[in-house]
Amino acid sequence: MSDTLPPCPECSSEYTYEMDALLVCPECAHEWNAEAEAVEAVIKDAVGNALQDGDTVSITKTMKVKGAQSALKAGTKVRNIRLVQGSGDHDIAAKVDGFGQMELKSSIVKKI
């Protein structure tokens, strides 16, 4: 076999194998389509702009932060975002001044 198979997107196991049109992970039993994984989804902000790693965004609406005494207010700038996959609907990881490291939904941010 000349080409290597990608690791499992769920548990990052390197022992994946092919079964018909699917790739299978023997460690966590996750099955996925190899062709569907090749096309990466474009993550868009609240107004439809495509986001990329390193972008600066602003929060579009005030939201409560679990465990914090104050809310994250609309208009707060978040610099140097990282796009992440597989965290439910929270697809942005960033460090927010005054709050620390957190994950945000792309539907509540706007690219600056």
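User: Buried means under 20% relative accessible area, exposed over 50%, and partly exposed in between (1.4 Å probe, protein chains only). Where does Lys105 fall, buried or exposed?

Analyst: Neither: Lys105 is partly exposed, with a relative accessible area of 31%. This is a predicted model, where local features need pLDDT of at least 70 and side-chain atom pairs count only at pLDDT 80 or more, while totals for chains, interfaces and linings use all residues. Residues are numbered from 1 along each chain as its sequence is written, and side-chain values use heavy atoms, with hydrogens and water left out.

User: What does the side chain of Lys105 meet in a salt bridge?

Analyst: The side chain of Asp89, at 3.2 Å from N to O. A salt bridge here is a side-chain nitrogen of Lys or Arg within 4 Å of a carboxyl oxygen of Asp or Glu. Lys105 sits in the loop between strand 8 and strand 9, and Asp89 in the loop between strand 6 and strand 7, 16 residues apart. Strands (E, at least two residues) and helices (H or I, at least four) are DSSP runs, numbered from the N terminus. Asp89 is partly exposed, at 46% relative accessibility.

User: How many salt bridges does the structure hold?

Analyst: Two. One of them joins Lys111 and Asp55, whose closest N and O atoms are 3.5 Å apart.

User: Why does that pair tie together parts that are apart in sequence?

Analyst: Because Lys111 lies in strand 9 (residues 109–111) and Asp55 in the loop between helix 1 (34–38) and strand 4 (57–59), the two parts are 56 residues apart in sequence. Asp55 is buried at 13%, and Lys111 is partly exposed at 29%.

User: Switching to sheets. What order does the open sheet of three strands have?

Analyst: The order is 6-7-8, with antiparallel pairing. Strand 6 (82–83) and strand 8 (100–104) are the edge strands, each pairing on one side only. Two strands pair if DSSP finds at least two bridges between them. Strand 6 and strand 7 (residues 92–96) have two bridges.

User: Which residue in strand 7 does Arg82 stand opposite?

Analyst: Ala93.

User: Backbone angles next. What is phi of Asn80?

Analyst: Near 55°, a positive value in a residue other than glycine. Most residues other than glycine have a negative phi. Asn80 is in the loop between strand 5 (77–78) and strand 6, and is exposed at 54% relative accessibility.

User: And what is phi of Asp20?

Analyst: Also positive, near 55°. Asp20 lies in the loop between strand 1 (17–19) and strand 2 (22–24), and counts as exposed at 80% relative accessibility.
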